[in-house]
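Please walk me through this structure, from the overall layout down to single residues.

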Amino acid sequence: MEPARKADSTGGRGGRLVPELTVRGTGPAAVTIAGLTAGGGALLVFVSEHCPTSALALRRLGPLCQDWAQAGLTAVAIFEDPLEVAIRTARRLGWSGQVAADDPPYPASRAYRVAAVPTAVLVGGDGVLAGTVTGWDQPGLAALLGEAGQLLGAGLAVPPATEPLRKPGCSAKAAIDPELAAAMSGPGGGDEPEEMFERGWTDGLPVIPPTAERVEAMLGGRDGAEPLGLVPPAMGEATLERVAACAVLAGCRPAYFPVVAAAARAVLDPAFNLHGQAVTTQPAGQLVVVNGPVREAIGLNSGMGALGPGFRANLTIGRAVRLLVSLTGGAMPGAMDRATLGQMGKLGFCVAEDEEGSPWEPLHVERGFEAGQSVVTVIGSDAPLSISDHRSRTPEDLAYVLAWAAASAWSTNWWPLAEPSVFVICPEHAQMFRAAGWSKQRLRQAMFDEVRRPARLLRRGETSLTVQAADPDELVPKWASPEAIVLLVAGGEAGRYSAVLGPCTGMGSQIVSREVT
Amino acid sequence: MAADYVSPFDERVRAAEPLAPRPASVRGQHAVLLDIRKNRGAEFLDRVETLLREAGVSTARVTKEIFSKPAALGLIGEIALGGGLVVEALAD
């Protein structure tokens, strides 16, 4: 490792020259000791994303960096993590200084003999080591910044003396056996799936690494720079290329991408209010319903197991949309996604309607599209509840069973629901309505008329303002209107199991459809 | 050698917004209380408003369109121009 300066440039202070840095910065210019100390001095803060003490240091020191910069002290956080992780972590923790990444086998950390992170290293304008503090040590850092102030001839802000004043650091990756460290750490480690986990480019399951080649293939000649909008809550920009990266990560084939792109446009429509859905404590996810010829063309399953596993197109299209929300949009569970429990549909939920087996016009036709158009419709939805009915012999009885199964949707006594409940009617149930000549609207109206109770019976536990304001014997319906009942047909030909997906409530979210182009 | 990946994240680094300076005392200040329309949030704000007035603070109330969406820019501007302090109520 070369020293930062030659031995005759120590300015006469006779200290030890610090090693030159070999790190990746956020800009095109190389990160050098000379560049960092050009203003008079530099504070190198070695950190790691996984280390809570590093997070504490970044959080406490981050707000001071701009003041230090004005006095001539440049602060740089050097992460033992990929640059993307470093940038994201720094932003999350409010670090306002520079950011750099020390890739495996961590030559910078090793050159500076960093055994634990965080380690703060003060370097004078002459490239001479002026002091080091390891771990979180507020008094030690205050003294180090006092030293920096003397070098610069200016008073420097110090972190507040609030608890904890001291906290031990974590083992630096550089201090681990280099081969082991390299194997553990992404780039150069040769274990791409693990690298994706380390970067945080995952929903918790293994993903397909979004190499430039795969993303280009996913785009299929489309302009990757095309902006689709900002993805809440972090307001990351959804370029078409970034959507394609999510589709690759999810495991989509390029043939699925038009559906993914249409779904992305749909969820980003302000009427859908993705912002509310992404951060809510509710369990709601984003249900993606696909209609039209594209279902057949890309192998979407609308038959046996239509809501379950086994079909790549269904699983990966829904997952791509969720990855867009949680990665580009920043709504990772436990971070900005504040769902109390969540539900497995938040991994992704894509349903294709069995238009050929349905007695009714399909969803996209109801919503104003031509039958021959391929359309994606997105709906904020809870997890499905299965509804068994093998005994009804009249459409009236079956409508009763289906509708009352949803009476507890959202909450037992929270009536009426303005947002949509989605019923997935299985083919055998649909056949009963077909045989009786029931239209979709007749079934919807029958279900709406069926589920209503006197307000007095709903006044227990969580109740709505409507229930509280109603006369005791006034009949309150479960839904605000028949239009809050969405009917789809899907599933295997044998078996009398339909399902209902409760709504995402109180968000003002509307159903949004987009043509697949 | 690291592979050339396309990040799903918007990696632009945004400058941190510094916090506005805090007043040494609330007395004599004008506070805007933002009701985000979460259930019972207004009750919470009623009590905060009472305490603020007892502490010599004049108050004004504003309301978001719905709790689940960011406040409109016009409303944010109204708050920024109208008050020295702001209190936002979460509730349920």
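What follows goes from the whole chain to its sheets, helices, cores and contacts with the partner chain.

This is a predicted model. Chain A has 517 residues, and 51% of them count as buried. Its C-alpha trace spans about 100 × 55 × 35 Å along the principal axes. The chain holds 20 helices and 21 strands. Many contacts reach far along the sequence: among those between residues at least 6 apart, 76% join residues at least 24 apart.

The domain assignment gives two entries for chain A. Domain 1 covers 7–178, and domain 2 covers 201–515. Their C-alpha centres lie 48 Å apart.

Start with a sheet. Six strands of chain A form an open sheet in the order S1-S4-S3-S2-S6-S7, with mixed pairing. Strand S1 (24–25) and strand S7 (129–134) are the edges, and each pairs on one side only. At one end of that order, strand S6 (residues 119–124) pairs with S7(A) in the antiparallel sense, over five bridges. Within this pair, Leu122(A) stands opposite Gly131(A) of S7(A).

Helices pack on this sheet. Helix H2 (residues 52–61) of chain A touches strand S2 (41–47) and strand S3 (73–79). The direction of H2(A) makes about 145° with that of S2(A). Helix H4 (residues 83–93) of chain A lies across S1, S3 and strand S4 (98–101). H4(A) runs at about 150° to S4(A).

Now move to a hairpin further along the chain. Strand S11 (residues 227–231) of chain A pairs with S12(A) in the antiparallel sense, over three bridges. Four residues lie between the two strands of the hairpin. In that turn, Met235(A) has a positive phi of about 60°. Val231(A) stands opposite Gly236(A) in S12(A).

In a regular strand the side chains alternate between the two faces of the sheet. Strand S12 (residues 236–239) of chain A shows such alternation. Gly236(A) and Ala238(A) point to one face and are buried. Glu237(A) and Thr239(A) point to the other face and are not buried.

Next comes helix H10 (240–250) of chain A. How many of the eleven residues of H10(A) are buried? Eleven are, so H10(A) is largely enclosed by the rest of the structure. The buried set takes in nonpolar names such as Leu240(A), Val243(A) and Leu249(A), and it also includes Glu241(A) and Arg242(A). The cover over these residues includes H9, S11, S12, H11 and H14 of chain A. Just after H10(A), Gly251(A) takes a positive phi of about 100°.

Helix H11 (residues 257–267) of chain A is mostly covered too, with ten of its eleven residues buried. Among them are Phe257(A), Val259(A), Val260(A), Ala263(A) and Arg265(A).

Residues of these two helices reappear in the core. The largest nonpolar core has 97 residues. Those with the most contacts inside it are Ala247(A), Val259(A), Val260(A), Ala263(A), Val288(A), Leu324(A) and Leu488(A). Take Val288(A) as an example. Leaving aside neighbours within four places in sequence, Val288(A) is in contact with Ala263(A), Ile317(A), Gly318(A), Val321(A), Phe349(A), Cys350(A), Val376(A) and Val378(A). A second, separate core has 54 residues, including Leu21(A), Leu73(A), Trp95(A) and Ala172(A).

Chain B comes in here. In chain A, 32 residues are in contact with 18 residues of chain B. The elements of chain A that give two or more residues to this side are H4, helix H9 (212–219), S12, H10, helix H12 (274–279) and helix H14 (312–328). H10(A) gives the largest share, five residues. By type, the residues on this side of chain A divide into 13 nonpolar, 13 polar and six charged.

One loop residue closes the tour. Asp337(A) lies between H14 and strand S14 (349–352) of chain A. Is Asp337(A) buried or exposed? It has 20 C-beta neighbours inside 10 Å, so Asp337(A) counts as buried. Leaving aside neighbours within four places in sequence, Asp337(A) is in contact with Ala278(A), Val279(A), Ser326(A), Ala331(A) and Met332(A). Arg444(A) is 107 residues away along the chain, and its C-alpha atom is separated from that of Asp337(A) by 33 Å.

Definitions and conventions
Residues are numbered from 1 along each chain as its sequence is written. Chains are lettered from A and ligands numbered from 1 in the order in which they are written. This is a predicted model: local features need pLDDT of at least 70, side-chain atom pairs count only at pLDDT 80 or more; totals for chains, interfaces and linings use all residues. A residue is buried if 20 or more other C-beta atoms lie within 10 Å of its own, exposed if 12 or fewer, and partly exposed in between; C-beta atoms are placed from the backbone. Two strands pair if DSSP finds at least two bridges between them. Two residues are in contact if their C-beta atoms, placed from the backbone, lie within 7 Å. Axes are lines fitted to C-alpha atoms, for helices over the stretch in contact, and angles run from 0 to 180 degrees between N-to-C directions. Domain bounds come from an automatic or database domain assignment. A nonpolar core is a set of buried Ala, Val, Leu, Ile, Met, Phe, Trp, Tyr and Cys residues joined through C-beta atoms within 7 Å.
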